[in-house]
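Morning, everyone. I have one structure to walk through today. Let's put it up on the screen.

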Amino acid sequence: MTEHLLDGILARALVLLGLALLAGPAALRLAGLGPARRQAGATGAVMVLAGAGLSLGGGTYTIAGRLSPEVLFAVATGTSYGRTLLLQGLLLAVLVALALGHRGSDRRRGAAVLGLALLVVVSLGRSGHPGARAEAGLALAHAVHTAAALTWTAGLLWLQEAGSSVAPAAIGRFSRIALFVVGIAIASGLALAAGLGGAWPFRSSWGHALVAKLALLSVSLVIAAGHRRRRLPALRSAPEASEQRAAFARAVALELAVVLSVLLLASALSQLAPPA
């Protein structure tokens, strides 16, 4: 049981991070920021396809108790869970093809990449707790929360990758976007937690993971506040100063590490049973 739980957490984490790497460049372009390198898209493609395969295989074993081509086909075509995962895999395959062929100047293809990524996010909710509850409000909160969190992650990955080549003006633009996106992520996340966890969910494993996620989220918000209050003004006053650039890069790396840990805990929450 523990092994399959860990497989499910890993599968969801791979898909989430892969989505950030695949759809992030298109989102950044539409926001007027520079894209990540194409290597990031290739890495994201490997992650989402590996995560989708692991999720289908693990889900099949959980349902049928064994794994074989015949059983895999039966679960994928004969159960609602399997059909959702199959649709998710097909969406991911099309998304990979579009994202790897995407050019920054092609805004229509970029919009298509983002649209497909959003459909994948919706399918994640359909195969998780919101889908099991069959409540439209929970499904909407999950989709909004996940999309906002992935946008934040994609921006941090871009800042980390671009390094000293990012102008302070572009960093300031991302900071304003991130403030809006993080606010949406927090509001929708609280609504989702209230709907899934009930009045007092903290005595369960799901509740423990939720507390850990909230604690790490608070740490990331403190780091982000430091960007806006100290490091970004310092960069604007001395954009070529290596010490200021190095301090900003270290803070971004720390924030990214914390946010990736939050994504991992979010993946755990998707696999643990909520108490409500």
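Start with Trp-158. Its relative accessibility is 5%, under the 20% cut-off, so Trp-158 counts as buried. Keep in mind that this is a predicted model.

Now its partner. Phe-174 comes in at 8% relative accessibility, so Phe-174 is buried too. How many aromatic pairs does a search of the whole structure find? One. The ring centres of Trp-158 and Phe-174 sit 6.3 Å apart. Their planes are at 70°, and over 60 counts as edge-to-face, so that is what we call this pair. Trp-158 belongs to helix α7 and Phe-174 to helix α8, so the pair ties together parts that are 16 residues apart in sequence.

Step back to the overall fold. The protein has ten helices and zero strands. From the N terminus on, the order is simply α-α-α-α-α-α-α-α-α-α. Of the 276 residues, 46% are buried.

Next, helix α9. It runs from 205 to 237. What span should its 33 residues give at 1.5 Å a residue? The expected figure is 48 Å, and the end C-alpha atoms of α9 are 47 Å apart, which agrees. There is still a kink in α9, about 45°, centred on His-227.

On to the second largest pocket. Its space is about 570 Å³. The lining counts 34 residues. Nearest the centre of this pocket are His-145, Leu-192, Lys-213, Ala-266 and Leu-269. Which helix gives the most to the lining? That is α8, with eight residues. Other helices supply at least two residues each, among them α1, α5, α7, α9 and α10. By chemistry, the lining of this pocket splits into 22 nonpolar, ten polar and two charged residues.

One last contact in space. Ala-249 is in helix α10. Is Ala-249 buried, partly exposed or exposed? Its relative accessible area is 38%, which lies between the 20% and 50% cut-offs, so Ala-249 is partly exposed. Along the sequence, Ala-249 and Gln-160 are 89 residues apart. In space, their C-alpha atoms are 6.9 Å apart.

To recap: one aromatic pair, a kink in α9 at His-227, and a second largest pocket to which α8 gives the most lining residues. Over to you for discussion.

Key
Residues numbered from 1 in each chain as written. Predicted model: local features only at pLDDT ≥ 70, side-chain atom pairs only at ≥ 80, totals over all residues. Heavy atoms only, no water. 1 Å grid on protein atoms, 1.4 Å probe; cavity = no way out; pocket = protein on both sides within 12 Å on 5 of 7 lines; lining within 4 Å. Points joined across faces, edges and corners; volume = space filled by probe spheres on them. Helix = DSSP H or I, 4+ residues; strand = E, 2+ residues; numbered from the N terminus. Nonpolar A, V, L, I, M, F, W, Y, C, P; charged D, E, K, R; others polar. Phe/Tyr/Trp six-rings, centres within 6.5 Å; stacked < 30°, edge-to-face > 60°. Buried < 20%, exposed > 50% of the residue type's maximum accessible area, 1.4 Å probe, protein only. Expected span 1.5 Å × (residues − 1). Bend = angle between axes of the 7 residues up to and from the residue.
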